[in-house]
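The following paragraphs are intended for a reader who meets this structure for the first time. Please keep the sequence and the three-dimensional view at hand while reading.

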Amino acid sequence: MKMIFLMLFLVCCYTFATPINSGLLLWLDASDSSTVINDGSGYVMRWEDKSGNNYHATQSTSASRPTLNSNALNGKAAIRFDGSNDGMFISDSLYLTRSYTVFIVNQYYGSVQGRTLQSRDINWLAGLWAGNHGHYASGWVSNSSYNTAGTNTPWISEAIGYTSSSAYYANGQNYTVDSNPTGNPGKLALVGSGAYNEQSQADVAEILIYNRVLTTQERNAVGSYLATKYSMATSYVNVPEPATLSFALVAIFALCLKKRNR
Ligand SMILES: [Ca+2]
């Protein structure tokens with residue numbers, strides 16, 4: 001009986017594995033309400049970084065603060081921007097250069113369809129722009145009529161910055177059109193607070209940024225974590241890390257031995 005519980009526990013560990021932590025620079029998660037700080041008037045003044053680096057997103061101008069919508073994106077919470085004058089500044093201390101891997105879970109909820117995650121220094125964006133999802137890094141890595149974002153349709157946008165090339169995935173599928181652009185984003189912002197005041201009626205539910213290019217296995221682990229959480233059908237396939245699997249097998253073997261020797 002004990003064995004069955006242990007095995008069930010281990011299976012659960014795989015299914016709800018935490019995202020990859022190595023190289024994690026920024027982790028914004030709207031469904032963790034303890035990280036979304038209200039200004040007392042119903043607006044979000046600070047969205048706290050869960051990576052441990054304290055690269056919080058903030059907005060000091062009351063009229064530009066977004067709201068927390070607890071049922072925005074497939075029933076999950078997201079930070080909702082009004083499409084008029086909203087935006088947030090991600091801490092100046094986070095200066096993003098290559099290499100990087102950026103995940104953003106976002107959607108449009110209305111007809112004002114501008115940017116979601118962008119640079120404050122150059123023309124760089126990951127997520128949504130002009131009715132599409134895509135990635136721009138001083139040049140389009142991916143944006144075309146194939147990338148129509150729709151409304152109330154969530155996307156897991158994934159921007160990958162290698163040292164001398166780029167890639168873009170959406171919902172685990174490769175949408176890279178041109179791998180040549182290599183802009184370095186530098187300081188970051190949400191929606192209208194970046195280098196371009198291109199407003200969006202958009203929901204941003206979660207952002208994870210790494211200071212390196214994740215392996216395919218790691219990308220699948222993070223992508224699967226997000227797809228499961230937001231009830232999205234994607235191309236991400238979660239394969240347990242070999243190290244985790246070995247640990248699980250050793251644990252089961254040890255328990256069997258212990259039982260036998262009793
Ligand atoms: Ca506003």
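In which sense do β11 and strand β12 pair, and over how many bridges? The model, which is a predicted one, shows β11 and β12 (residues 140-142) paired in the antiparallel sense over 2 bridges. Within this pairing, His-135 stands opposite Ser-142, and Tyr-136 has Trp-140 in β12 as its bridge partner. The two strands form a hairpin with 2 residues between them. Ser-138, in the turn, has a positive phi of about 60 degrees.

On its other flank in the sheet order, β11 is followed back to β10. Strand β10 (residues 124-129) pairs with β11 in the antiparallel sense over 6 bridges, and Trp-124 stands opposite Ala-137. Here too there is a hairpin with 2 residues between the strands. Its turn contains Ala-130, in the loop between β10 and β11. Phi of Ala-130 is near 50 degrees, a positive value in a residue other than glycine. Is Ala-130 buried, exposed or partly exposed? Ala-130 counts as partly exposed because it has 13 C-beta neighbours inside 10 Å, a count that lies between the limit of 12 or fewer for exposed residues and that of 20 or more for buried ones.

Strand β11 itself (residues 132-137) is mostly covered, with 6 of its 6 residues buried. The cover extends to both faces: Asn-132, Gly-134 and Tyr-136 are buried on one side, and His-133, His-135 and Ala-137 are buried on the other.

These strands belong to a wider arrangement. An open sheet of 9 strands runs in the order β2-β3-β4-β7-β16-β9-β10-β11-β12, with antiparallel pairing. Strands β2 (36-38) and β12 stand at the edges, and each has a single partner strand, so one side of each is left without a neighbour in the sheet.

A position in an edge strand may still be buried, as Ser-142 in strand β12 illustrates. Ser-142 counts as buried because 26 C-beta neighbours lie inside 10 Å. Leaving aside residues up to four places away in sequence, Ser-142 touches Gly-134, His-135, Asn-147, Tyr-168, Tyr-175, Thr-176 and Val-177. The C-alpha atoms of Ser-142 and Asp-178 are separated by 6.7 Å, although these residues are 36 residues apart along the chain.

The chain as a whole may now be considered. It has 3 helices and 17 strands, and buried residues make up 42% of its 262 residues. Among contacts between residues at least 6 apart in sequence, 66% join residues at least 24 apart.

In soluble globular proteins, nonpolar side chains tend to be buried together. In this model, the largest nonpolar core has 66 residues, and those with the most contacts inside it are Leu-26, Ile-207 and Ile-209. Strand β17 gives the most to this core, with 7 residues. Outside the stretch of four places on either side in sequence, Leu-26 touches Asp-49, Ser-51, Asn-53, Tyr-55, Ile-90, Leu-94, Ile-207 and Ile-209.

Attention now passes to a helix. Helix α2 (residues 216-229) has 14 residues and reaches 20 Å from its first C-alpha to its last, close to the 20 Å expected at 1.5 Å a residue. Its buried residues are Arg-219, Ala-221, Val-222, Gly-223, Ser-224, Tyr-225, Leu-226 and Ala-227. What covers them includes β8 (100-108), β13 (155-161) and β17 (202-210). After α2 comes Ser-231, whose phi is positive, near 50 degrees.

Two further backbone details lie in loops. A cis peptide bond, with omega about 10 degrees, joins Arg-98 and Ser-99; Ser-99 is placed in the loop between β7 (87-90) and β8. Asn-171 has a positive phi of about 50 degrees although it is not a glycine, and it lies in the loop between β14 (166-170) and β15 (173-174). With 19 C-beta neighbours inside 10 Å, Asn-171 counts as partly exposed, because a buried residue needs 20 or more.

Technical notes. Residues are numbered from 1 along each chain as its sequence is written. This is a predicted model: local features need pLDDT of at least 70, side-chain atom pairs count only at pLDDT 80 or more; totals for chains, interfaces and linings use all residues. Helices (H or I, at least four residues) and strands (E, at least two) are DSSP runs, numbered from the N terminus. The expected span of a helix is 1.5 Å times one less than its number of residues. Two residues are in contact if their C-beta atoms, placed from the backbone, lie within 7 Å. Two strands pair if DSSP finds at least two bridges between them. A nonpolar core is a set of buried Ala, Val, Leu, Ile, Met, Phe, Trp, Tyr and Cys residues joined through C-beta atoms within 7 Å.
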